[in-house]
There are 2 protein chains.
Amino acid sequence: MSSTKPSLPKGTRDFGPEQTARRAYIMDTLRRHFGRYGFQALETPAMENLSTLTGKYGDEGDQLLFKILNSGDFLSKAAPTDRESSQALLPKISEKGLRYDLTVPFARYVVTHQHEITYPFKRYQMQPVWRADRPQRGRYREFYQCDADIIGSRSVWNETELTLLIHDVFADLRLDGFVLKVNHRGILNALAKQAGMEGREMAFCVEIDKLDKIGRESVMANLQGIGASNLEAVMDFLTAQDSPENVLKKLSDRLGDNQAIAEMAEYFSTLQSLPGRSWNISFDLSLARGLTYYTGMIFEVKPTTVQMGSICGGGRYDDLTGVFGLPGVSGVGISFGLDRIYDVLEESGLFPQDASRHLDVFVIHFDEATFRHGQQVVQELRSQGIKADIFPEVTKVKKQFAYADKTGVTKCLVIGEEEMNSGVYQLKDLVSGEQTGVKRAALLAELTKG
Amino acid sequence: MSSTKPSLPKGTRDFGPEQTARRAYIMDTLRRHFGRYGFQALETPAMENLSTLTGKYGDEGDQLLFKILNSGDFLSKAAPTDRESSQALLPKISEKGLRYDLTVPFARYVVTHQHEITYPFKRYQMQPVWRADRPQRGRYREFYQCDADIIGSRSVWNETELTLLIHDVFADLRLDGFVLKVNHRGILNALAKQAGMEGREMAFCVEIDKLDKIGRESVMANLQGIGASNLEAVMDFLTAQDSPENVLKKLSDRLGDNQAIAEMAEYFSTLQSLPGRSWNISFDLSLARGLTYYTGMIFEVKPTTVQMGSICGGGRYDDLTGVFGLPGVSGVGISFGLDRIYDVLEESGLFPQDASRHLDVFVIHFDEATFRHGQQVVQELRSQGIKADIFPEVTKVKKQFAYADKTGVTKCLVIGEEEMNSGVYQLKDLVSGEQTGVKRAALLAELTKG
C-alpha cells in the first residue's frame, strides 16, 4: 500500500462535473442533428489489431500508435535475437493498438459487416482516439472525434447535406462567427497540372495546405524545389478572393469544362434553392487539406471571432476500404473537433448557463421531522423530472446554504416546521436573494417556468 | 497495402446502429435518473499510470490489466538482464495501463482534486473498462460500467436514495421482474463471530458469497476447512427467508443491539415513510458480495424472469482513498451492468420499438424536380426536429421503397409531380400499407402524433 499522491499520464485529462456537462452539451447537440439528418450511431472497440492500424497513417502515424502489450508471459514468443532491438521485439510482444482515428475503424467496420450494410449508409461515431504525440497546448494524447460519413453515393446532395448539418450545428451552439471554406481536389489537380506538376498533384496539395502556416513565399519556394513552374500566376489565381459565382466563372474560363467545376456549380445552386437560409461559405481555391485520401470536394470550418485552427473538416474520398480488400466504396465525411469547439464556446462565453447546472432545486431542512418531510418533497419533484436534492443528514441551516452555494445551486426550497405544517414552502433565489412562498402543488410549475 | 480481411481483437465487439441505439436508450435512462438525483458526471482518461492501478485488484487483477507499451525506442531503458523475463522487463517498457474499473480511477480523481470537492459529493461515471480476461459468453474484454457514488456522508438516507434510484431506473426501463437483495456487512461480521471466525470476517464473507454458485454443502465444507464452527445453526439462520420486520426482530434477538441492525431498521422505516411506492426488496442475510472494501450495507439486483447474474450491485465502504494517502473518505455506491441489462431487456422483449428507429419519415421522389422539392420538405422537417431523409439521387421509386424498407423506415412521404403542385403529399405507412394525403403545413402534426 503506497501512499504516493497519484498522477495522470501526461497528455491525458480528468473532466470534472462542469467540463463533462459542457462537453455533453456539445455532443448532445451534434447527436441531435446527426439524428435529424438520418445518420446512425456506430461504436467500435478502443483496441484494434495492429495489422488493421499499421501502415494507414504514414510512418509518423505508426510511431504515434499506442501499442498494447500482449497478456501473460509476453516474452515467451521472443527469441534472444528478437530482444536486441525495440523494432525486432515489437511484433513479438504486441498485437493490438488503441485506435488513432475513427476513419480506419469505420473502414474496417464496413469490410467486416459488408453484407449487412444497405447503401447509401450514413453513420456517425463519437468516441475517443489516442495518439502518442508530444503533448502541448490544445494537443492531447486522448481526445474525442465526432465523425459523420455518407458512403455509397456520389450525388452532390450528400456534400450539400453536410453543409446544412454544419450550419445547423453551429447555429444551435450559437456560434455564428465561423466560415466554412470549400474547395475541390479536382480543381487543385487541374491547377497542379498548370504548375507543371501532372502526376504529382498530391505533392502540390500538401504544399498548398501549408499556406496558412508558413506563408506564400515559403510555399512557392517549396514548390519550386520539387519542380513546379508558372507559380506566380497559379498562386495569384488560387489565393484571389471572390464570390462563388465569380470563382466558378474564372475557373471555367481558365480550365474549360471540368467535372469538379460542374459539381461545385451544382453544390452552390442547390444551396441557393433552399429557402430561408443564409450561408457562411467561402469558395477558397487555396484550401487543400493534408489528407491523401480526399478526391472530391473538401471542407474546413474556422471560427472568425477567436484565434483557432479548424473546428470541423472533411471531404469526399473515392476509396475508403480498398486497403482492406473491398474496392469501390466512395463517400464523403466530416469530423467535428470537440476540444476546439469547447475552447471556442468558452472563450466566446457561449455556453448556456444551465448547460452545467446540475440541480434545479435544493431542499433545506431544520430537524428530523422536516428532513423526513423534505425527503418526500424531493422524491415527488424527482418523479416529475426535476433535478432535486436534499442535504443527507440533519445539520445547521447555514451549512446547508453554504453547500448549495458552493455546488452552484441557484434555488433553495426552505422547509421549516411552519412550512411543513402549512404546505407553503419558501423558495429562495440565491442569485437575486428573493424569497417567495410556493404551495407544494405549485412547485413543478414554479420550477419549470422560463 | 495488404488485402487480408481485417478482424477484431478477441473479446471486443462492434456495435452496429441498432445495438448502439438500444445501448443509448439504457444509458440515457440511467443518465436522466442520475441527474434527477443530483449526481454529476465525471470522466477520467482510459489510461492510468500502472502505479495507480497495480495492487488494487489482487494478484489476479494485476494479471488482467492491459498494459501499454512505452512510446518510441521502448527497450532503451532495459538492461540485458531485464530482457531475460517478462516480469523483469515489464516495468522497463510499460508505465501505463487501461482502466480496469471505475472505482480506482474515481478514488484517484478524489485525491487529485481533493481541494475542489465539496462533500457530500455525488458523482456518476459511464465509461468502458478493459480486462484481459478469457472471453466467454457474456464476458468481454471491453465493457461499460455505469457507477454512481455518494461520498462524504454516513447518513442512511444515501442508501435509501440509491434504492429509490434503482427502482426508478428499472421502472423506466419497464423491467418490473427484479429483486433488490440487501444486507449489511456488520451483520455478516457478527454472524462470522458466532461461527468462530472473529478476525477473519472477510474470509467468511468470501465463502458465503459462493452460496449461489457452489451450494450450501460446499460452502460449509470450505468454511469448516478454514476453522469455522457452529455452522449448521449459522447457515440455517442466514439462509432463512422472511419479511424485513421479522428478519430485524430475529437479528435483535440473536445479536442484541448493533449499529448494523439499527441502520437496516432506519433504512426500512424511511422507505415505508415514502408514500405511493412499492418495493422489490429482499432482506437476504446470505448476500455477501465478493469485494473486500465494503463495510456497511450491500446491494445486489437480480432479474426474476430471466436466468441472469446480478445486473446492479454495490455497497458502503469506509475508506475509498486511503491507498492513495487520503484517509477517511467514506461513501456508498452502485454499479449498473450495461451489457447484462441489455441482454435482459432483449430476452424479455422490453426495448421500445422506437428505441432503434433512426428515421421518422423518408421522402420518395420521381425526378429532378420532385427531388429538389423533396430536399426542401426534408430540410423543413429537420428544422422542426423530425428525423427525415431522402434518397440522395434520382432513381427508381421501387428502389427507394426497398431502401426504406431495408433500413427499417416505417413511414414514407411520396412526392410526385401532382403532390408537388397541389402541396398535398401521400404519407404511406409501410407496416399497415395505409396511405393518406397530408398537406405540407400539417406534416409536423401528423408525424408527431401518438
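**Helix packing, cores and symmetry in a predicted two-chain model**

The buried residues of helix 10 of chain B pack against three other helices of that chain: helix 8 (201-208), helix 9 (211-214) and helix 11 (231-239). The model discussed here is a predicted one. Helix 10 of chain B spans residues 216-225, and its buried residues are Val219(B), Met220(B) and Leu223(B). They cover an arc of only 100° around the axis, so they sit on the same side of helix 10 of chain B. Glu217(B) and Gly225(B), in contrast, are exposed on the other side of this helix. After helix 10 of chain B comes Gly227(B), which has a positive phi near 95°.

We may turn next to the nonpolar cores. In soluble globular proteins, nonpolar side chains tend to be buried together. The largest nonpolar core of the model has 100 residues, and Phe170(A), Tyr267(A) and Phe336(A) are those with the most contacts inside it. Helix 6 (residues 157-172) of chain A provides the largest share of this core, with seven residues. Beyond its neighbours within four places in sequence, Phe336(A) is in contact with Leu30(A), Phe34(A), Gln145(A), Cys146(A), Ile166(A), Val169(A), Phe170(A), Ile311(A), Cys312(A) and Ile341(A). Another core lies apart from this one; it has 99 residues, including Leu165(B), Leu231(B), Phe237(B) and Leu238(B).

Chain B also offers a sheet worth following strand by strand. Five strands form this open sheet, in the order 13-12-14-15-16, with mixed pairing. Strand 13 (388-390) and strand 16 (435-439) of chain B stand at the edges; each has a single partner strand, so one side of each is left without a neighbour in the sheet. On average, and with direction ignored, neighbouring strands of this sheet are turned by 30° against each other. Within the sheet, strand 14 (residues 411-415) and strand 15 (residues 424-429) of chain B pair in the antiparallel sense over four bridges. Val414(B) stands opposite Gln426(B), a residue in strand 15 of chain B. Helix 15 (residues 368-383) of chain B lies across strand 12 (361-365), strand 13, strand 14 and strand 15 of chain B, and runs at about 165° to strand 13 of chain B.

The relation between the two chains is readily described. Chain B is superposed on chain A by a rotation of 180° with 0.0 Å of shift along its axis, at an RMSD of 0.0 Å. The two copies are therefore related as by a two-fold rotation axis. The C-alpha of chain B nearest the axis belongs to Ile68(B), 2.3 Å from it. Both copies use the same surface, and 99% of the contact residues of chain B recur in chain A.

Some backbone details complete the picture. The peptide bond from Tyr119(A) to Pro120(A) is cis, with omega near -5°, and Pro120(A) lies in the loop between helix 5 (103-112) and strand 5 (121-130) of chain A. In chain B, the peptide bond from Tyr119(B) to Pro120(B) is cis, with omega near -5°. Arg174(A) is not a glycine, yet has a positive phi of about 60°; this residue is found in the loop between helix 6 and strand 7 (178-184) of chain A. With 44% relative accessibility, Arg174(A) counts as partly exposed. Arg289(B), likewise not a glycine, has a positive phi near 60° and is placed in the loop between strand 8 (281-283) and strand 9 (294-303) of chain B. At 14% relative accessibility, Arg289(B) counts as buried.

Conventions. Residues are numbered from 1 along each chain as its sequence is written. Chains are lettered from A and ligands numbered from 1 in the order in which they are written. This is a predicted model: local features need pLDDT of at least 70, side-chain atom pairs count only at pLDDT 80 or more; totals for chains, interfaces and linings use all residues. Side-chain values use heavy atoms; hydrogens and water are left out. Two strands pair if DSSP finds at least two bridges between them. Axes are lines fitted to C-alpha atoms, for helices over the stretch in contact, and angles run from 0 to 180 degrees between N-to-C directions. Contact means heavy atoms within 4.5 Å. A nonpolar core is a set of buried Ala, Val, Leu, Ile, Met, Phe, Trp, Tyr and Cys residues joined through side-chain atoms within 4.5 Å. Buried means under 20% relative accessible area, exposed over 50%, partly exposed in between (1.4 Å probe, protein chains only). Copies are superposed by least squares on the C-alpha atoms of residues with pLDDT of at least 70 in both. The arc is that of the directions from the helix axis to the C-beta atoms.
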